[in-house]
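Colleague: I've got the structure open and I'd like to know what stands behind the labels people put on it. Can you take me through them?

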Amino acid sequence: MRAVFLASLRTYSRRYVAAAVAVTVAVAFVVVVGILTSGARSGLMDGLGAPYRNAEHVVSPEGWPSSELDPAAVIAFTERHGENASAIGRATLPAHAGSRKLSDTTTVGPIATSQVWRWQELSSGRFPSRTGEAAVDVYAALAEDLAVGDRITIGVGAAASDVQVVGLVESPSPPAQASMYVTWPQLLLWRDHLHLGSVAVRGEVGPLPEGAKALSPEAFTAERLTHVQNRVDSLSVMLLLFAGIALFVSILVIANTFSILFARRLRDFALLRCVGATRRQVVRSVRREAAVVGVLASLTGTLVGVGLGHGLIAVIDALASAVPMGAAELPVPWLLGGFAAGLAVTMVASWLPTRRVIRVSPLAALRPDAGVDARTRTGLARPALLLVIGLALLGVAMDRSSTALMLAGGGSVFAGVLLSGPVLVPRLVRIAGAPLGPTVRLAAENAAHHPRRTATTTASLLVGVTLTIAVLTGMATWRTSLNEQIGRDHPIDIALTSPTRPLTTDLLTRIRRTPGVERAIPVYGAVAQVAGLHDPIPVVTAPAAGQVARDGGVFARVEPGKIRIDADAFGKDLTPRPGDRVTVRAGDRRIQLQVAVGTGWGPAGVVAPETLATLTDAPEPRAVWIRASTGADPARLGADLDELADPVGATIENGLRTWESLDQQLQIYTWSALGLLGIAIVIALIGIANTLGLSVLERAREHAMLRALGLTRGQLRRMLAAEAVLLSLVATVLGTVLGVGFAWAACETIVKPALRDATMHIPWLSLGVVVLIAALAGLLAAVLPARRAARVSPVAGLSLD
Amino acid sequence: MTGSRHDPAPRLPRTAASPGAVAARARNLTKTYGRGATQVHALRGIDLDLPRGGFTAIMGPSGSGKSTLMHCLAGLDQASGGTVTVAGTDLGSLDDDALTIFRREHVGFVFQSFNLLPMLTAGENIVLPLELGGRRIDDAARERVRLLADILGVADRLAHRPAELSGGQQQRVAIARALITQPDLLFADEPTGNLDSTTSAEVLDHLRRSARELGQTVVMVTHERDAAAYADHVVTMQDGRIA
């Protein structure tokens, strides 16, 4: 049997290539995930440990993370140790650069003056050495537009203190990171705002502050790591989910390869049985073949994965240095896991086809070309049951907003569709191919003749397409709903409000000419003192707000007798509560109005035109509300408008930034999901090319006969291309229907309870693109097999046996 | 007339065709495979005329070149030297596509096995050559299918797939398919190779009737003397030459 086994490997090795590629890709995927996880972990480890690298002990809260240390005790403890201790923590304070307000969450941390305790890395300028100097984190500097030499006021009122930026630094330790760093004595100015999480100590620790413990730096880092680790791990789990999808698709591809190869070799197996091989011997030989393919492919996958993973880490380091990526150790469990998964997938996928090998009778060899008829009876009972159960579960899931039930139901429906594939897919292929002329009809008949094979081939693509479409539709729905929500929270992209002077027509013209401004409307009103507010504010009316507002101007439609105030613009200064009646005074006129709140148009009160008429006879332009054009850069536009607003004493309210960050987040999610699913789709397409390539070999005589009967080379190529395109189209269309359905179920189950008024949004354009790409990819998958088939001359094909 | 110099076949009465007309002609036909030491001369200068409306058998042992001769005459393979003229067309002047279309219009085939496409019904298999040529299946075509199916005794099997037909029935469907285009030449390559003697006799009888009753030129390649006996003329091949 050894001779047979080796000879089979030699003869059929080329036919296993595509299956091996599928396994390789899936295994490499797993290994890359492992290496990235390991890299992220070691990056975190380096960063976490940086502030403690010269410490012998780290003092931290006993019950971390649920308890904190008393700052006063920690300060006393640190002072007592002098040069031998360095506290790590930060204060969150308001900060201003000149008149410009910086982020509300400006954080200030300590920077040591001695080399021993300083963990920040200098990027430009120098380190702060005394009170009155500060170093700014490079990314904070980028975001806030700060540079060496700038003066910053940290804190307000009595606690305010001016510092000069003397350097920009990188902060490799995320937990100790702050926007800016000052020396310890300077930081103690804001001791009331200070949170201190740990102290690095050299030498004797001595008596600890209350509720504190002392750990070795290693033990401390390990404790913190397990906490952060959970996030890295959950990311890995998500990535592994996609790897699982890729592995599942590989199973389908490999199972198909084996069943086609074995169908073709069934007579060989029967012959072996005739000459005395036992059932066990035949099966063992075949399983060993599968094992060899599995081992080689998994090994290749592991190696490719290691190379790719390290390459990716280098790329991430080069492109995004903010992401902490350390040198990855080889994650041995991941490598072994990936290898084992690849081998297991190959063995599982070959299991079913080998069962057919067992059943072959020795007599099959003697029958004159009985022709292994691929027609198999496929019951519809099981798939139907799965469909019904799945749909019922989905119904309940939508009713109860249960994600678990939704997943179970979706899985059940999908399994039902996959199982009914052998009945469903050939019919769909026939229907799709029928009106397209004899060549395509022949292609459709070819596909329909092997229902199981065709179904498995399409199933692999179906998985990828269904998930892709579900993600696209789900994201589009989520995004549309969020847009509406944000439209209510930030109705005006950018509002320019002037409480001091009326705005001029000239300014309006210049605003309209600013690049990135799509439309700008002047808003008329009068400056009035609203009781409970410190300064007078413009009270305006904007019947035309609908022209620029993202909520269609709803926020600006205020009933007479009410005034709507932007809660965000005043923050804590807004003492009147919604529903309160306040006196509004403009000049010598006064009126009682009921307060309503909203957000997103800046420091102005919005009233009905009638209300404004009682306050003033001559409304002046007090604000300009601006709608940005699509794709405008929020920061740039904000800065440009700021320049126009500053000289006239107007302020800018920029709602566009929220839009942008949300947009970016959604895009990152969508594209990463699509990229990861892309791997499954690539494997599926390899599968289509593989099935087609193998059936081209199998049908060489059929093709030769067709050529003899008068099928031209071009027609033969077209026939095979049509078969591939029909397969991928049917899979794609079916996947689109399923994907949209699943997205609808997910919308009803998850999005609707989270966001009121969410409506299903189908991204037709994206769906069209996916279908088109799948059809083209199908065409691409057919290129090689079709060329090979057309090269065979009719005579050569006919003499094949 | 058979154009062979050494014609061992007995002269049998000829029917439908007009005497002297030639359906296919080969002149100094050679075919070699490979090169150098492994070169094989499959055909070493064949001169042959196939009479229109005649039933010719090409006989010879395995490796004598009879199949190669058929392939060259049928336009399935390009000769290395010499000329083949079928229905007034020099096959050597045609490229692959032109040759394919020529086959589609002028030549019919019946093979030993793998004769029918398994995924099409018998009826669909019969009209396949018309469909490949892009012809509409009109009433006349349907009428011809019915006529051929009647003659060949497969009229009640047209809706069945090949797997549901016996070997003899499959071969008769294949003959019907070869005849549907009314080709100038019908080639049968060991048409009875896979059949038992009774069924063989039936199929051979049908081939002979095609020649006699439909005036069809039939060329059969076989190594069975019994089968050759059904033919009007027998050409015997030996080592790439007509013996």
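Modeller: What follows is a chat about what the labels rest on.

Modeller: One thing up front: this is a predicted model.

Colleague: Fine. How many helices and strands does chain B have, and what share of its residues is buried?

Modeller: The secondary structure of chain B comes to seven helices and ten strands, and 51% of its 243 residues count as buried.

Colleague: What makes you call strand 8 of chain B enclosed?

Modeller: Count the neighbours. A residue is called buried if 20 or more other C-beta atoms lie within 10 Å of its own. Five of the five residues in strand 8 (218-222) of chain B pass that test, so the strand is largely enclosed by the rest of the structure. Both faces take part: V218(B), M220(B) and T222(B) point one way, V219(B) and V221(B) point the other way, and all are buried.

Colleague: How do you know which strands pair with strand 8 of chain B?

Modeller: The rule asks for at least two bridges between two strands. Strand 3 (55-59) of chain B has five bridges to strand 8 and runs parallel to it, with T56(B) opposite V219(B). Strand 7 (185-189) of chain B has four bridges to strand 8, also in the parallel sense, and there D189(B) has V221(B) as its bridge partner. Both counts meet the rule, so both pairs stand.

Colleague: How does the chain get from strand 7 to strand 8 of chain B, and why is the crossover called right-handed?

Modeller: The route goes through helix 6 (197-214) of chain B, as a β-α-β crossover. With the strands pointing away from you, a clockwise path from the first strand over the helix to the second is called right-handed. This crossover is right-handed, so that is the way its path runs.

Colleague: What is the strand order in the six-stranded sheet of chain B, and what makes a strand an edge strand there?

Modeller: The order is 6-7-8-3-9-10, in an open sheet with mixed pairing. Strand 6 (107-110) and strand 10 (241-242) of chain B each have a single partner strand, so one side of each is left without a neighbour in the sheet. For strand 6 of chain B, four bridges link it to strand 7 of chain B in parallel, with F109(B) opposite F187(B).

Colleague: And the four-stranded sheet of chain B?

Modeller: That open sheet goes 2-1-4-5, with antiparallel pairing. Its edges are strand 2 (40-51) and strand 5 (89-90) of chain B, each with a single partner strand, so each has one side without a neighbour in the sheet. Inside it, five bridges join strand 1 (22-33) to strand 4 (81-86) of chain B, and R25(B) is bridged to T85(B).

Colleague: Which strands does helix 1 of chain B lie across?

Modeller: Helix 1 (66-73) of chain B lies across strands 3, 7, 8 and 9 of chain B, at about 155° to strand 8. Helix 1 of chain B also lies across strands 1, 2 and 4 of chain B, at about 120° to strand 1.

Colleague: Over to chain A. What makes strand 2 of chain A an enclosed one?

Modeller: Seven of the eight residues of strand 2 (85-92) of chain A are buried, so it is largely enclosed by the rest of the structure. Seven bridges tie it to strand 11 (194-201) of chain A, antiparallel, with I88(A) bridged to S198(A). Two bridges join strand 2 to strand 5 (107-110) of chain A; the pairing rule asks for at least two, so this pair counts.

Colleague: Why is something called a nonpolar core, and which residues have the most contacts inside the largest one?

Modeller: The label goes to buried nonpolar residues joined through C-beta atoms within 7 Å. The largest core has 209 residues, and A22(A), A26(A), A246(A) and I683(A) have the most contacts inside it. Helix 21 (713-754) of chain A gives the most to this core, with 22 residues. A second, separate core of 50 residues includes I511(A) and F555(A).

Colleague: Last one: how many residues does each chain put into the contact between them?

Modeller: Chain B gives 24 residues and chain A gives 23. Helix 2 of chain B gives the most to the chain B side, with six residues. By class, that side has 13 nonpolar, five polar and six charged residues.

Terms used. Residues are numbered from 1 along each chain as its sequence is written. Chains are lettered from A and ligands numbered from 1 in the order in which they are written. This is a predicted model: local features need pLDDT of at least 70, side-chain atom pairs count only at pLDDT 80 or more; totals for chains, interfaces and linings use all residues. A residue is buried if 20 or more other C-beta atoms lie within 10 Å of its own, exposed if 12 or fewer, and partly exposed in between; C-beta atoms are placed from the backbone. Two residues are in contact if their C-beta atoms, placed from the backbone, lie within 7 Å. Ala, Val, Leu, Ile, Met, Phe, Trp, Tyr, Cys and Pro count as nonpolar, Asp, Glu, Lys and Arg as charged, and the others, Gly among them, as polar. Axes are lines fitted to C-alpha atoms, for helices over the stretch in contact, and angles run from 0 to 180 degrees between N-to-C directions.
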